[in-house]
Amino acid sequence: MAYDHKKVETKWNQYWLKNKTFKTDASSNKKKFYALDMFPYPSGSGLHVGHPEGYTATDILSRMKRMQGYEVLHPMGWDAFGLPAEQYALDTGNDPAEFTDKNIDTFRRQIQDLGFSYDWDREISTTDPDYYKWTQWIFLKLYEKGLAYIDEVPVNWCPALGTVLANEEVIDGLSERGGHPVERKPMKQWMLRITAYADRLLEDLDELDWPESIKEMQRNWIGRSEGANVTFEVAGQDESFTVFTTRPDTLFGATYAVLAPEHKLVEKITTADQKEHVSAYIEKNKSKSDLERTDLAKEKTGVFTGAYAINPINNQEIPIWIADYVLASYGTGAIMSVPAHDQRDYDFAKTYNLAIIPVLEGGDIEKEAFTEDGKHINSGFLDGLNKDDAIQKAIDWLEKEGKGERQVTYRLRDWLFSRQRYWGEPIPIIHWEDGTTTGVDESELPVILPKTTEIKPSGTGESPLANIDEWVNVTDPKTGMKGRRETNTMPQWAGSSWYYLRFIDPTNSDHLADKDLLNEWLPVDVYIGGAEHAVLHLLYARFWHKFLYDIGVVPTKEPFQKLFNQGMILGENNEKMSKSKGNVVNPDDIVGSHGADTLRLYEMFMGPLDASIAWSETGLDGARRFLDRVWRLFINEETEELSEKIVNDVEDDKLEKVYHETVKQVTENYQDLKFNTAISQMMVFINEAYKTDQILTAYVEGFVKLLSPIAPFIAEELWDKLGHDETITFEAWPTYDETKLEENEIEIVVQILGKNRARMMVDKDVTREELEKLALEHEAIKERIADKTVRKVIVVPGKLVNIVAN
RNA sequence: GCGGUCGUGGCGGAAUGGCAGACGCGCUAGGUUGAGGGCCUAGUCGGGGUUUACUCGGUGGAGGUUCAAGUCCUCUCGACCGCACCA
């Protein structure tokens with residue numbers, strides 16, 4: 001009978017769950033290995049074939065490490081707060097908690113069907129009060145240390161969702177979820193001071209074993225730039241403003257200044273006759289979305305305020321303009337313009353006929369700005385210096401004269417942390433009637449998210465929690481003072497910023513996790529997930545981790561030592577899978593038709609783990625065919641017992657070399673996450689084994705072990721058929737013998753001028769000199785070099801001989 | 001525009017600077033079968049040819065380094081991802 005995946009997969013799933021095969025003993029004495037997946041948001045549409053790709057990769061590592069004697073921590077949980085559940089609840093009137101629980105049940109069932117070796121006793125959900133108690137606790141600590149604060153900031157107000165969105169959640173002026181229009185509106189918000197950690201978040205990237213592309217993205221996101229703040233007086237008024245510049249050396253070339261339209265000074269300094277123009281400009285830009293503002297980037301617009309500033313370095317009066325190419329949110333919201341040496345300033349100056357004074361030699365300011373290095377000219381005491389020296393000297397001068405100072409600016413902005421939503425962790429803060437604000441006492445955590453049937457946004461910007469009087473209103477039992485709970489909730493990023501810590505000690509009620517256990521298990525050895533989390537999630541988690549390190553909660557500076565981003569699985573038409581395109585593949589269907597092992601095998605065989613590759617039904621069939629071939633090779637289809645080809649002794653062991661090669665390559669490839677080549681090597685072994693009449697039992701057992709991390713169900717069943725009573729999970733990983741990899745006779749390629757001209761079989765121990773001699777004496781070679789002079793012979797032992805002859 | 005990643009058969013892809021195309025899909029042929037499917041075996045980069053171990057060309061394009069380049073360097077074209085008026 002053919003391999004029956006349904007029967008076998010059901011059998012072993014029940015066995016694993018019943019025996020808690022994958023339970024982690026967190027305090028064991030074994031070496032530790034922590035393999036973490038990015039936990040999913042349990043959406044209503046269930047698991048997607050993209051999920052199991054990364055999960056299979058970590059599962060392979062986990063299963064191999066168990067067999068190599070490690071204590072493995074391999075957990076799964078749910079990032080279950082989030083807007084979709086709230087939107088669903090609004091649409092249907094159902095409780096988002098119930099909806100979420102139902103989705104989690106589906107996800108858990110689907111994930112278990114795929115045979116991942118998770119310790120289900122460590123399952124956590126960010127929505128569980130026992131979990132978010134500690135999310136709130138971390139917030140309180142941040143608040144105590146002054147890293148959580150309230151600020152009035154212009155935020156992305158989305159009327160349709162009745163909530164505020166983070167910049168990151170707004171794409172092209174529309175909400176990321178739902179695609180509703182978004183407008184700017186100032187509001188009081190909780191902010192987290194991630195900028196205080198900017199330098200450390202940047203520097204510590206160097207120590208991490210992460211893909212260079214992700215590190216680079218984080219560096220760009222943090223966007224550190226060094227320069228100077230320079231103070232400009234406003235001519236004839238008792239006002240001044242500060243600009244940030246990376247090129248203080250070009251101060252002599254500053255011919256005008258530009259303020260962001262939102263800059264506080266604009267109203268004060270604008271002259272009467274320019275007032276109308278300026279107001280009109282500001283009004284026009286206010287109504288523009290960010291998208292429209294950037295779309296108009298090619299044509300720079302602005303308007304003169306009528307006021308002049310005094311260039312501190314030469315006391316010249318320069319006009320002050322406003323323009324929306326200057327952003328209020330970056331630097332000081334004001335710039336000095338050096339049109340001769342900055343392309344944006346150049347374009348602006350050309351448009352409005354402003355002066356352009358070159359202060360560096362080289363370039364042609366008739367055509368474009370000169371942004372390269374050169375000797376300074378027209379620059380007083382900076383003349384003759386190059387860029388770097390002039391920057392230093394200019395800053396020294398500014399500091400001495402009290403007109404500026406060295407300054408580092410980041411692109412990174414503080415983390416807008418509050419959400420006007422129901423379905424999130426309540427922020428544990430109370431606003432008292434005397435105007436003070438305090439954190440909720442630690443002993444009162446968690447602040448439970450109350451159940452309610454009214455979760456519609458208030459529409460005023462407050463969250464639905466504001467309508468629940470018995471929850472919102474509190475009285476201090478000691479003083480009798482009345483207060484109101486913070487009604488904002490936390491963003492989805494909160495719970496996912498520390499969940500990897502809770503997995504280490506998921507039921508601890510006294511601490512977020514036991515300190516000794518954290519010492520044992522951190523950092524995470526390997527963390528695999530999608531590249532879409534390259535910046536935000538990973539930056540936020542690193543920030544919280546560093547904070548927890550500073551207050552002595554965690555022992556490491558960084559949470560994730562090795563990170564890997566799996567690629568995307570595209571639809572068969574090579575496009576991203578989506579319902580609207582009708583190219584979505586449901587893992588349940590594949591588990592039913594081909595089996596979980598086949599799905600795992602196929603996803604690992606498609607190509608490199610980090611590549612984005614299109615789904616192929618015939619490719620999937622091929623993966624199943626391989627498992628069938630393995631089954632038929634080892635199992636007699638009539639008796640369903642072990643094939644009589646499998647024996648304890650053979651006369652002529654034809655498989656020895658390929659077996660040892662396979663053990664070596666598969667072991668190394670798994671370690672390097674090169675699963676596609678590991679699988680191809682196993683295919684080579686099976687192809688060879690088919691050509692022999694007898695196969696040593698030891699090879700079969702070794703092969704089944706190698707296969708087990710990828711296809712655990714069929715491996716368990718074969719292990720059982722091989723006569724073992726216990727699970728294969730903790731059997732020793734196969735080893736290989738290096739000496740068995742060498743042939744006595746090896747083939748050497750003989751090249752002339754780098755082109756293959758002959759091959760010869762030689763003894764493996766032949767020396768360089770002998771090899772050279774043999775090559776030169778080879779018949780075909782002799783003929784070719786007969787009329788040539790041999791200039792040089794390069795010998796690569798074991799590989800080739802290259803003769804340079806002409 | 002800036003930054004990153006990457007261009008290899010009909011397709012997915014493989015190759016510590018050392019025999020390009022492993023492995024799989026697809027296709028072709030033979031075998032097995034009442035037939036089909038399945039399975040087994042063999043072939044499958046292109047041109048030429050005396051078609052087993054012959055020969056020439058070949059990794060987006062153009063140069064370069066090297067005894068030797070898919071791999072390293074320069075330029076260029078193209079694709080994808082991220083950021084985007086960041087002073």
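Start at M606 and RNA strand B. A polar backbone atom of M606 sits 2.5 Å from a sugar or linking oxygen of the strand. Keep in mind that this is a predicted model.

**Stop 1: around the RNA**

Now select everything near RNA strand B. The strand is surrounded by 52 residues. M606 is among the closest, together with T246, Y330, R344 and R759. Colour the selection by residue class: 20 are nonpolar, 15 polar and 17 charged.

Which part of RNA strand B do the atoms within 4 Å of the protein belong to? Sugar or phosphate accounts for 65% of them, and bases for the rest.

Select R632 next. An N or O atom in the R632 side chain is 2.9 Å from a sugar or linking oxygen of RNA strand B. Then go to L327. Here the partner is a base: a backbone N or O atom of L327 lies 2.8 Å from a base nitrogen of RNA strand B.

Show helix α22, residues 675–690. Helix α22 gives the most to the surface near RNA strand B, with six residues.

**Stop 2: helix α4 and R108**

Leave the RNA and turn to salt bridges. The structure holds 39 of them. Side chains of opposite charge can pair when their charged atoms come close.

Select D105 and R108. They form a salt bridge, with the closest N and O atoms 3.0 Å apart. Both residues lie in helix α4 (residues 96–113), three residues apart, about one turn of the helix. D105 is partly exposed, at 43% relative accessible area. R108 is also partly exposed, at 22%.

Add E123 to the selection. What does the side chain of E123 meet in a salt bridge? Its partner is R108, at 2.8 Å from N to O. E123 lies in the loop between α4 and β4 (124–125) and R108 in helix α4, so the pair ties together parts 15 residues apart in sequence. E123 is partly exposed, with a relative accessible area of 25%.

**Stop 3: K141 and E442**

Select K141 and E442. Their salt bridge brings the closest N and O atoms to 2.9 Å. K141 is in helix α5 (residues 129–144), while E442 is in the loop between β19 (437–439) and α13 (469–472), so this pair ties together parts 301 residues apart in sequence.

Is K141 buried or exposed? K141 counts as buried, at 14% relative accessibility. E442 is partly exposed, at 37%.

**Last stop: a network**

Finish by selecting D204, R542, K546 and E558. These residues are linked in a network of salt bridges.

How values were computed
Residues numbered from 1 in each chain as written. Chains lettered and ligands numbered in written order. Predicted model: local features only at pLDDT ≥ 70, side-chain atom pairs only at ≥ 80, totals over all residues. Heavy atoms only, no water. Near = heavy atom within 4 Å. Polar contact = N/O pair within 3.5 Å; in protein donor to acceptor, adjacent residues only side chain to side chain. Helix = DSSP H or I, 4+ residues; strand = E, 2+ residues; numbered from the N terminus. Nonpolar A, V, L, I, M, F, W, Y, C, P; charged D, E, K, R; others polar. Salt bridge = Lys/Arg side-chain N within 4 Å of Asp/Glu carboxyl O. Buried < 20%, exposed > 50% of the residue type's maximum accessible area, 1.4 Å probe, protein only.
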